[in-house]
There are 2 protein chains.
Amino acid sequence: MPKVNKTKYAILGVLDMRPCSGYDIKKFCDSGISHFWNENFGHIYPVLKELEKEGSITKAVEQGDGKPSRNVYSITQKGKEELTQWLLQPVEHSPARLELLLKLYFAKSIPAASMIEELERVKEKHAQRLETLLKMEKLFLGNETAKSDAGFPFWLSTLRYGIYDAEFRIKWCEETITNISAHQLGK
Amino acid sequence: MPKVNKTKYAILGVLDMRPCSGYDIKKFCDSGISHFWNENFGHIYPVLKELEKEGSITKAVEQGDGKPSRNVYSITQKGKEELTQWLLQPVEHSPARLELLLKLYFAKSIPAASMIEELERVKEKHAQRLETLLKMEKLFLGNETAKSDAGFPFWLSTLRYGIYDAEFRIKWCEETITNISAHQLGK
DNA sequence: ATATAATATATCACACTGATATATAAGTCA
DNA sequence: TGACTTATATATCAGTGTGATATATTATAT
């Protein structure tokens with residue numbers, strides 16, 4: 001079974017909320033769902049063309065006097081059905097490729113201090129991420145409109161995932177720094 | 001800054017332990033480091049050719065009478081230096097693309113039961129993964145040869161990462177199932 | 001004896017990333 | 001006012017990585 005084009009379904013999902021240009025879709029990915037998803041222009045634009053060609057979305061060109069034209073896409077009935085079918089399928093396995101762990105695995109040939117510094121940097125990065133996510137959660141839990149939406153428990157769970165993920169990584173960085181340091185002293 | 005070819009460094013790292021054929025490298029990725037790394041033949045073979053061309057590895061053809069030939073590669077001094085340089089660099093940011101969270105985010109248009117079933121399946125998958133990792137850790141901690149190797153704390157930390165990761169995902173699946181179920185009942 | 005799994009290399013289509021090119025409009029600040 | 005920067009908007013390219021498939025031999029199991 002060949003790999004499924006997930007960009008296709010990400011786009012259908014966004015257009016199912018409201019009509020968007022390619023630029024709008026990119027902005028949404030970089031703000032609303034950036035804690036678990038990413039899209040590039042280099043993939044969005046060609047996929048929009050394909051989706052239009054197969055009738056899953058339709059294009060409307062917006063001409064603001066003199067302004068650069070906007071291609072605004074809307075989802076069709078066919079597109080909605082495709083999205084639903086995908087949502088009902090189990091997720092695909094996605095192979096792990098964790099650069100930090102690969103470096104760690106081969107790290108015995110470089111000075112331990114270098115690896116420890118890198119672990120400190122990574123820990124700091126996740127600490128900042130955690131802070132952001134906790135703020136988002138607080139804002140979200142205080143928003144009565146959001147709370148009454150049928151999507152509420154789903155959206156909240158994506159935030160919770162990010163929070164648990166950041167927490168475990170911080171803990172692991174600390175533990176790993178301690179273990180490497182202890183092993184260095186014992187040599 | 002264009003994306004770094006990590007397959008290149010994964011191969012150099014494996015060849016720095018011992019000379020290998022492309023097939024051996026694939027086997028190693030699928031056994032020793034499969035809990036955090038993945039490589040495909042479709043990438044290994046062309047990268048081996050490039051590495052040989054640039055003088056980072058050398059090829060020796062093994063001819064066992066009649067048997068299919070094996071191309072056994074060894075790392076050169078240049079290759080060792082390249083590997084070290086890469087190990088000293090900070091890790092690159094890798095964008096998140098979590099299909100399960102994307103589905104969850106758009107899930108309000110499908111029956112909650114479908115999503116809950118998927119979460120149960122995912123939870124079970126991680127529970128099995130956790131079991132495997134804990135067995136590996138036990139074996140590893142009981143191996144006196146491994147314990148005396150300079151790589152010990154590094155290798156152990158890659159296992160610990162996988163264990164924490166599996167644990168948090170199991171916890172998150174359970175919490176998410178509970179929250180979705182509760183929200184369904186309250187409607 | 002036959003089927004299946006393991007060894008071994010190679011290639012292809014496609015998914016996805018990150019950089020770059022191009023052009024206009026709007027805001028900043030000296 | 002002019003110069004600079006940022007935001008809006010679309011498009012394309014080279015390169016990384018995935019998963020499937022083709023091919024051929026050897027070893028093992030039923």
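Is A:Asp149 buried, partly exposed or exposed, and what is its relative accessible area? A:Asp149 is partly exposed, with a relative accessible area of 23%. Buried means under 20%, exposed means over 50%, and partly exposed lies in between (1.4 Å probe, protein chains only).

This is a predicted model: local features need pLDDT of at least 70, side-chain atom pairs count only at pLDDT 80 or more, and totals for chains, interfaces and linings use all residues. Residues are numbered from 1 along each chain as its sequence is written, chains are lettered from A and ligands numbered from 1 in the order in which they are written, and side-chain values use heavy atoms, leaving out hydrogens and water.

**View 1. A salt bridge crosses between chains.** B:Lys108 pairs with A:Asp149, with the closest N and O atoms 3.0 Å apart. A salt bridge is a side-chain nitrogen of Lys or Arg within 4 Å of a carboxyl oxygen of Asp or Glu. B:Lys108 sits in the loop between α5 (99-105) and α6 (112-141) of chain B, and A:Asp149 in the loop between α7 (144-147) and α8 (152-185) of chain A. Helices (H or I, at least four residues) and strands (E, at least two) are DSSP runs, numbered from the N terminus. B:Lys108 is partly exposed at 44%.

**View 2. A:Lys6 forms a salt bridge with A:Glu92.** Their closest N and O atoms are 3.0 Å apart. The pair links distant parts of the chain, 86 residues apart: A:Lys6 is in helix α1, A:Glu92 in the loop between α4 and α5 of chain A. A:Lys6 is buried, at 12% relative accessible area.

**View 3. B:Asp165 meets B:Arg129 in a salt bridge.** The N to O distance is 2.8 Å. B:Asp165 lies in helix α8 and B:Arg129 in helix α6 of chain B, 36 residues apart. B:Asp165 is buried at 6%, whereas B:Arg129 is partly exposed at 26%.

**View 4. Residues surround DNA strand D.** There are 29 of them, and A:Met1, A:Arg70, A:Asn71, B:Asn5 and B:Asn40 come nearest. A residue is near a strand if one of its heavy atoms lies within 4 Å of it. Sugar and phosphate make up 73% of the strand D atoms within 4 Å of the protein.

**View 5. Side chains reach phosphate oxygens of DNA strand D.** An N or O atom in the side chain of A:Arg70 is 2.7 Å from one such oxygen. For B:Asn5 the distance is 2.9 Å. A polar contact is a pair of N or O atoms within 3.5 Å; within protein, one must be able to donate a hydrogen and the other to accept it, and residues adjacent in sequence count only if both atoms are side-chain atoms.
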